[in-house]
Structures are given as C-alpha cells and as structure tokens.
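Okay, everyone, thanks for coming along. Let me put the structure up and then we'll walk through a few spots together.

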Amino acid sequence: MNALDEIIGAVRADLAERRRLVPEAELSDRVAEVGPGLDCAALLSGADGLKVIAEVKRNSPSRGCLADIVDPAGLAAEYESGGAAAISVLTERHRFGGHLADLDAVGARVRVPLLRKDFIVDPYQLWETRAHGADLVLLIVAALEQPLLAELLALAAEIGLTPLVEVHDETEVKRALDAGAWIIGVNARDLRTLEMDRGMFARLAPEIPEGVVRIAESGVRGPDDALAYAAQGADAILVGESVVTGGDSRKAVAQLVAAGRGLARQRGRGVGGIG
C-alpha cells in the first residue's frame with residue numbers, strides 16, 4: 001500500500017462518520033441557501049500575471065509538522081493582504097492536520113476564493129465542500145477511477161464549485177481532459193511515493209491545451225521558482241510550505257505576486273522571459 005492509498009483509507013473512514021452525523025440531504029439544503037461559488041477560471045488565468053494560491057497547511061506527509069497554525073483565519077488574512085488570488089485550506093486531518101472548521105473560519109475572514117484541498121472520493125464531499133463555503137475543490141486523478149472523476153466534475157459544476165483537477169503524468173493529463181477539466185494542476189510531488197520532481201510541470205504543460213488554466217503545485221521555494229513556472233506556462237502557482245515556514249507569510253506571498261507581475265510586464269513590453 002502506497003502513501004496515497006493509506007491517506008484515502010483514513011479519508012473514507014472519516015467520511016462514513018460525517019455522513020452519519022450530517023445527511024447528504026441536509027448538505028444539499030445548505031448548498032441551496034449559500035448559492036453557487038465564484039467562477040474561478042477567469043480569476044486564476046495568467047493574463048495579467050502569475051496568480052498565487054496560498055495554502056493553510058499545518059503538516060505534510062513528507063515533512064511532518066510545518067507550522068502550529070492556531071489561527072487559520074488570521075494566516076489567510078495575511079495571505080490576502082499579500083495579494084493571494086485564492087486561499088487553499090487543507091481539511092484532511094490525519095496526515096495534514098486540517099479540519100472543515102478551518103474552512104469555515106477562513107471563509108468568514110477573507111473575500112478571495114477558497115479552495116478545499118482534500119482527497120475527494122465521493123459526491124457527498126462536494127456537497128460538503130460547497131456547504132462550508134469553498135468556491136474551488138481539488139480532484140486528484142490518481143485517487144479516482146475515470147467514471148467517478150467525470151461524475152464529480154459534472155456534479156461540481158452543477159452545484160457551483162470550480163474543480164481543480166490534479167495530475168502527475170501524461171496519462172493523467174489525458175484523463176483529466178477526457179473528463180472535461182478546465183483547470184488542471186500539475187503536482188510536482190508524487191502522492192504515491194512522496195517524491196518531488198520540479199521538472200514535472202515543464203514536461204506536462206505542453207500537453208495541456210490553450211484555454212485550460214494551468215496551475216503548478218508544489219516545489220515553490222521562492223520568487224525564482226515562481227518565475228520559472230510562469231515562464232513554463234503556469235497561470236498560477238499553489239504554494240504552502242514556503243509561506244507557512246518563512247516567518248512572514250504576508251511578505252512571502254507578496255514577493256511571489258510581485259515576481260509574477262514583473263514577468264507579465266516584461267512580456268507586455270516584448271522582453272524575453274526566463275528560459
């Protein structure tokens with residue numbers, strides 16, 4: 001059993017308990033009350049510079065404890081102040097130390113779109129995601145059979161969620177496109193082995209057609225990495241570890257945002273970017 005299988009096993013156990021406590025019909029009623037989330041594809045496109053999705057992340061399977069985040073809403077507010085285009089909130093509790101309550105707290109504090117980052121394996125979790133105020137939801141191709149991936153994409157759109165479909169190789173890119181994905185994230189970390197490959201985005205980006213938003217996930221240590229991803233075709237980056245461990249989260253996000261905007265200005269003047 002690999003790392004991804006272990007995580008999903010724990011997720012399914014937690015899901016069964018939540019489903020017992022809160023029926024899907026109750027979540028559906030709450031979704032009807034809150035209405036659809038923001039349409040995030042245009043907001044995350046890189047037309048006016050690389051966008052930054054900053055993540056509320058306490059732990060990681062590869063590094064263990066990253067930060068003791070006692071006030072996720074306060075951290076998210078720092079990200080927003082630094083110019084983050086969206087906030088990612090990890091809600092998986094066993095390996096990442098998250099909770100749906102973090103999503104509630106962050107949503108009550110910030111105005112930018114929220115991404116629920118978790119291991120979605122059942123339609124119930126989509127209703128749950130929107131009921132707790134998220135605008136985007138992560139769907140991991142490696143965790144889903146193709147019929148379920150397509151079903152979840154369709155249901156997400158139906159209930160007002162924007163799906164971010166995560167891939168890690170060429171086959172998964174094709175599966176994401178076949179299922180109808182319009183935002184694709186390339187994760188530099190293989191969730192099965194937890195190994196990092198910072199060259200993954202550069203290899204897969206050409207396989208993602210124009211018109212599909214491309215997001216580079218993992219491996220961003222600072223502005224140089226952000227610039228490299230932008231030059232390789234990323235519309236946005238999703239960054240967690242470096243912005244929670246650097247000591248000044250607002251400044252860390254602001255530096256990434258400034259780097260992306262600077263590259264956009266260079267392109268607008270016809271100046272070559274990083275190769």
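Let's start with arginine 111, which is exposed, with a relative accessible area of 77%. This is a predicted model, by the way, so keep that in mind for everything I say. Arginine 111 sits in the loop between α5 and β5. Now hop over to alanine 216: those two are 105 residues apart in sequence, and their C-alphas are 23 Å apart in space.

I mention alanine 216 as it takes us into the sheet. Who is the bridge partner of alanine 216 in β10? That's isoleucine 237. Strand β9, residues 213-217, pairs with β10 in the parallel sense, over three bridges. And between them, helix α10, residues 223-231, completes a right-handed β-α-β unit with β9 and β10.

β10 has another neighbour too. Strand β1, residues 51-56, runs parallel to β10, and four bridges join them. If you want one pair to click on, take alanine 54, whose bridge partner in β10 is valine 239.

So is β10 buried or exposed on its two faces? Both faces are covered: Ala236 and Leu238 are buried on one side, and Ile237 and Val239 are buried on the other. β10 itself covers residues 236-239.

That brings us to the core. Nonpolar side chains tend to be buried together in soluble globular proteins. Here, the largest nonpolar core has 94 residues. Among the residues with the most contacts inside that core are Ile237, Ile215 and Ile87. Have a look at isoleucine 87: leaving out residues up to four places away in sequence, the residues it touches include Ile53, Ala54 and Val56, as well as Tyr79, Val106 and Leu115. Glu80 is on that contact list as well.

Right next in the sequence we get serine 88, in strand β4. Serine 88 is buried, with a relative accessible area of 0%. What does the side chain of serine 88 make a polar contact with? With the side chain of glutamate 55, at 2.7 Å. Beyond four places in sequence, serine 88 touches Ile53, Ala54, Glu55, Val56, Leu115 and Lys117.

Here's another one to look at: glutamine 125, in helix α6, residues 123-131. Glutamine 125 is buried, at 0% relative accessible area. Its side chain reaches two backbone atoms: the oxygen of phenylalanine 119 at 3.1 Å, and the nitrogen of aspartate 122 at 3.0 Å. Not counting residues up to four places away in sequence, glutamine 125 touches Val11, Leu15, Arg18, Arg116, Phe119 and Ile120.

Phenylalanine 119 leads us on to the aromatics. To describe a pair of aromatic rings, you give the distance of the centres and the angle of the planes. How many aromatic pairs does the count come to? Two. In one, the rings of phenylalanine 96 and phenylalanine 119 have centres 5.9 Å apart and planes at 35°, so we call that pair tilted. Phenylalanine 96 is in the loop between β4 and α5, while phenylalanine 119 is in the loop between β5 and α6, so the pair ties together parts that are 23 residues apart in sequence. Both of these phenylalanines, 96 and 119, are buried.

In the other, phenylalanine 201 and tyrosine 229 have ring centres 5.6 Å apart and planes at 75°, so that pair is edge-to-face. Phenylalanine 201 is in helix α9, residues 200-204, and tyrosine 229 is in helix α10, so parts 28 residues apart in sequence are tied together. Phenylalanine 201 is buried, with a relative accessible area of 2%. Tyrosine 229 counts as buried too, at 4%.

Last stop, the backbone. Leucine 194 has a positive phi of about 70°, although it is not a glycine. You'll find leucine 194 in the loop between β8 and α9. Is leucine 194 buried or exposed? At 19% relative accessibility, leucine 194 counts as buried, because buried means under 20%.

Serine 218 is not a glycine either, and has a positive phi of about 75°. Serine 218 lies in the loop between β9 and α10. With a relative accessible area of 21%, serine 218 is partly exposed.

Okay, that's my tour. Over to you for questions!

Definitions and conventions
Residues numbered from 1 in each chain as written. Predicted model: local features only at pLDDT ≥ 70, side-chain atom pairs only at ≥ 80, totals over all residues. Heavy atoms only, no water. Buried < 20%, exposed > 50% of the residue type's maximum accessible area, 1.4 Å probe, protein only. Pairing = 2+ DSSP bridges. Right-handed = clockwise from strand over helix to strand, strands pointing away. Core = buried A, V, L, I, M, F, W, Y, C linked by side-chain atoms within 4.5 Å. Contact = heavy atoms within 4.5 Å. Polar contact = N/O pair within 3.5 Å; in protein donor to acceptor, adjacent residues only side chain to side chain. Phe/Tyr/Trp six-rings, centres within 6.5 Å; stacked < 30°, edge-to-face > 60°.
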